Amino acid sequence: MAISYNTAFFPHTSLGDMKYKVLNWVNRFSIFCFLDNNRYPSSASSLEVLVAAGAMETISGQAGDMLSAFQKRLDKESSWWFGHLGYDLKNETETGLSSTLPDEIGFDDLFFFRPRHIIRLHEQQAELMTVDDPATIWEEITGLNEAPPAQLGRNPAIQSRLTREEYIRQIDLLRAHILRGDCYEINFCQEFFARQVLLQPLKVYRSLSELSPNPFSAYYRNEEKYLICASPERYLRKKGTQLLSQPIKGTSPRYPDDADQDYSSRNALMQSAKDRSENVMVVDLVRNDLSRICLESTVKVDELYGIYTFPQVHQMISTISGELDSSIDFASIIRATFPMGSMTGAPKRKVMELIEQYERTKRGLFSGAVGYITPDGDFDFNVVIRSLFYNETSGYLSYSVGSGITFYSDPEKEYEECLVKAEAIIKVLSA
């Protein structure tokens, strides 16, 4: 099918209003991906808004040989692809691992689609790539009347897989593993969930993005399964021959109504020996991963212990880059670097075994990645955190939060950090 290209201008409509028109339009499709930078200033930003809707072709399945199968399809022709890598793709990128924990959302370990429509939004300008008539599509989008979000309905009855006391016991057991030398640091997560929920995912996404506008936000649907994501973290970007990773380790709460306390919280994070220790561990892990596929002596730390402020939290973010060996393909890059170190720990294989042993449910798409691949072979993927997951058929609603555990971790403080990370989601569900 021939692709039509069209550029349109909307000088009398704000970017925010146009985003909501596109959201309303894309919501009619059974498969779509809406990626939003939320005007976050960064030299590493790729695009402000990138949207894909409708599937001309899909490739999906569980860990086994999915990366090789997808790579064969990528090698056939150059095209845009949007989709996700689920956490349990680890069972393919690392031999000998398995997953037997329950999963009530049901995302595949790998899913990508070749879209029928692609939209890129900038200030007062939109670019449309479509196999249909671009004028008709643009008329559909601009003709939609934007309405304010309605109430979300009855608050879902959220339950936890772990009580506070159980969580603390699990952390103590993990600290014992660290003391024995099994690992140095582990990202331990817990799930919160509700059943028989009637949700309007678009309205929840709008509310979450307004409350917590983060640079790697995503509204993503695969048939009955939805991701509502307000992630601040990039997993991996490829631009030309450069790979860039920006892991987050280190969190402190915001105090928007008290500037002095907010500054103190930010400064405490900057000075925290524990958070610096966790951060440098994941930096070393990412450097090691990238060195497997990058040219010798090109992997470097561009920024260490950077402190960045988001609506709900302050975060410690480091940036690592490297020059890719031109013979390395997409599947090889993912095998070398996935899952991301910020959501596992070190050493990676051992902590993934412990995660399977001590967590109560499969992570699924949580701590996986959502993003896109361009016809040139460039790509950009987030880390799926600060997210809601919803299965429309079963009514199952889920969100997970975690933190990096070291021997010096205080279990009660780690529990409180999890609640801080989930604050925006809790507020949205309590609206």
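Helices (H or I, at least four residues) and strands (E, at least two) are DSSP runs, numbered from the N terminus. With those names in hand, let us walk through this structure.

This is a predicted model, in which local features need pLDDT of at least 70 and side-chain atom pairs count only at pLDDT 80 or more, while totals for chains, interfaces and linings use all residues. Residues are numbered from 1 along each chain as its sequence is written, and side-chain values use heavy atoms, with hydrogens and water left out.

## Helix 8

A good place to begin is helix 8, which covers residues 273-291. The expected span of a helix is 1.5 Å times one less than its number of residues. For the 19 residues of helix 8 that gives 27 Å, and its end C-alpha atoms are 27 Å apart, which agrees.

Which residues of helix 8 are buried? They are Asp275, Glu278, Asn279, Val282, Val283, Leu285, Val286, Asp289 and Leu290, where buried means under 20% relative accessible area, exposed over 50%, and partly exposed in between (1.4 Å probe, protein chains only). Seen down the axis of helix 8, these buried residues fall within an arc of 165°, so they line one face of the helix. The arc is that of the directions from the helix axis to the C-beta atoms. An α-helix has 3.6 residues a turn, so residues three or four places apart point the same way.

## Salt bridges

Side chains of opposite charge can pair when their charged atoms come close. A salt bridge here is a side-chain nitrogen of Lys or Arg within 4 Å of a carboxyl oxygen of Asp or Glu. The structure holds 34 salt bridges, and three of them are worth a look.

Helix 8 offers one: Lys274 and Glu278 meet with N and O 2.3 Å apart. Being 4 residues apart in helix 8, Lys274 and Glu278 are separated by about one helical turn. Lys274 is partly exposed, at 26% relative accessible area, whereas Glu278 is buried at 3%.

Another salt bridge joins Glu191 to Arg161, with the closest N and O atoms 2.8 Å apart. Glu191 lies in strand 8 (residues 185-194) and Arg161 in the loop between strand 7 (159-160) and helix 5 (164-180), so the pair ties together parts that are 30 residues apart in sequence. Glu191 counts as buried, with 7% relative accessibility, while Arg161 is partly exposed at 22%.

Then there is the salt bridge between Lys238 and Asp378, at 3.5 Å from N to O. This pair links distant parts of the chain, 140 residues apart: Lys238 sits in strand 11 (residues 234-239), and Asp378 in the loop between strand 17 (369-373) and strand 18 (379-382). Both Lys238 and Asp378 are buried.

Salt bridges can also join up. Glu57, Arg73, Glu77 and Arg114 are linked in a network of them.

## Cavities and pockets

On a 1 Å grid over the protein atoms alone, a cavity is a set of points where a 1.4 Å probe fits but cannot get out, and a pocket is an open set with protein on both sides within 12 Å along at least five of seven lines; lining residues have an atom within 4 Å of a point. Grid points are joined across faces, edges and corners, and a volume is the space filled by probe spheres set on the points. The count comes to 6 cavities of 30 Å³ or more.

| Space | Volume | Lining |
|---|---|---|
| Largest cavity | about 200 Å³ | 22 residues |
| Second largest cavity | about 170 Å³ | 18 residues |
| Largest pocket | about 460 Å³ | 33 residues |
| Second largest pocket | about 390 Å³ | 17 residues |

Strand 13 (248-253), helix 8, strand 20 (396-405) and helix 11 (411-421) each supply at least two residues of the lining of the largest cavity. The largest share, 5 residues, comes from strand 20. Strand 20 also gives the most to the lining of the second largest cavity, with 3 residues.

Helix 8 returns in the second largest pocket, where Lys274 and Asp275 are among the residues nearest the centre. Which element gives the most to the lining of this second largest pocket? Helix 11 does, with 5 residues.
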